[in-house]
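Biologist: Before we start, please show me the model. Then take me through its surfaces one by one.

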Number of protein chains: 2
Amino acid sequence: MTASSDMPPFDLGSFTPYRLAVAAERTSEALARQYRQQFGISIPEWRVLVHLGQPLDGAATVSVRDIEERVAMEKSKVSRAASRLEASGYIEKTVDAGDRRLVRLALTDKGRALMADLMPLATAYQQRIETLLGETFAGLEAGLDAILDAE
Amino acid sequence: MTASSDMPPFDLGSFTPYRLAVAAERTSEALARQYRQQFGISIPEWRVLVHLGQPLDGAATVSVRDIEERVAMEKSKVSRAASRLEASGYIEKTVDAGDRRLVRLALTDKGRALMADLMPLATAYQQRIETLLGETFAGLEAGLDAILDAE
DNA sequence: CCAACCTCATTGCATATGCAACGAGGACAA
DNA sequence: TTGTCCTCGTTGCATATGCAATGAGGTTGG
């Protein structure tokens, strides 16, 4: 009769939030390292850049708030990432003429050149993951959809 | 001919590392908040506790290094989590008699009592996730296995 | 015995983070 | 117009993090 006999069995390795956290860390880490070492870009910065490279909404208005919503990051995280990107010359910040509370973010030429380097790496990495997972990839996607769409 | 026309299309929302990161954050957040508010326990502390509650290896030796390996956290993160848990009276640290470099961690009675409160929450949460996912759960698991087992 | 080399855990330091508070600007009703 | 209330972005602060360095202990070969 050990101490653990009083407790219901619980295996961290089977706990979905834990598994997701480790999987996320593993998959992000590999790419993030490349970005950091080769370009000095962090994950928050990368997310901002990707969003700026894809003004999906036709309109060119890309404010900090827009990014905050779509990229699942806190205001302050976006703000600081944007400041670093501006300091590095990859983006420009301008006050919106219509609503002067808004800060519009836009890639500079240097930023576009950076993206031209970054995108192929990301695309190739995605390809590697899909190849690694093979037929289990579709199942993973369905599961992630279920989690991400949940309200 | 906009700026983005020169770039290959890339959607962050379809990028697996990003999706995993958001899914991990969402699923961890909900439980972590409960733990934090009700018990003052952080995720690193929770991971250490769970491991201590499950001396799977029969042997009772649970060192910082053991946890570091199994719980996918850095040495320093484990060390600091353990110090906080000790300060709160949930665990005890003792120098291993055989190898005095090792620090053996063990739950105190207070720690076991805490676990008795924490475990049901975790189990119930896991259940909720599986219910939410329904038939997609198996697919998610298979995908996560593929990622986590990769080397 | 001891010198070189390894392992374990902690800690110092620079950076990153979340959260709340703030200041500036805008909307709207009286 | 002015007062109240809202929104946007930044920043201060306390805490958390990763990484390298440290120190204590162990091991091995000569």
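**Reading the surfaces**

Modeller: This is a predicted model. By class, the surface near DNA strand C is made up of five nonpolar, five polar and ten charged residues.

Biologist: Which residues are the closest to DNA strand C?

Modeller: Strand C is surrounded by 20 residues, and the closest are Arg100(A), Ser63(B), Arg65(B), Ser76(B) and Ser79(B). The elements giving two or more residues to this surface are α4 (75-87) of chain A, along with α3 (64-71) and α4 (75-87) of chain B.

Biologist: Which element gives the most to that surface?

Modeller: That is α4(B), with five residues.

Biologist: How should I read the contact between the chains?

Modeller: The size of an interface is often given as the accessible area lost when the parts come together. Here a residue count is used: 50 residues of chain A are in contact with 50 residues of chain B, with C-beta atoms within 7 Å as the cut-off. On the side of chain A that touches chain B, two or more residues come from each of α1 (16-39), α2 (43-53), α5 (109-133) and α6 (136-149) of chain A. The largest share, twelve residues, is from α1(A). By class, this side has 33 nonpolar, twelve polar and five charged residues.

Biologist: What turn and shift lay chain A on chain B?

Modeller: A turn of 180 degrees with a shift of 0.0 Å along the axis does so, at an RMSD of 0.0 Å. The two copies are therefore related as by a two-fold rotation axis. The same surface serves both copies, since 100% of the contact residues of chain A recur in chain B.

Definitions and conventions
Residues numbered from 1 in each chain as written. Chains lettered and ligands numbered in written order. Predicted model: local features only at pLDDT ≥ 70, side-chain atom pairs only at ≥ 80, totals over all residues. Contact = placed C-beta atoms within 7 Å. Helix = DSSP H or I, 4+ residues; strand = E, 2+ residues; numbered from the N terminus. Nonpolar A, V, L, I, M, F, W, Y, C, P; charged D, E, K, R; others polar. Near = placed C-beta within 6 Å. Least-squares fit on C-alpha atoms with pLDDT ≥ 70 in both.
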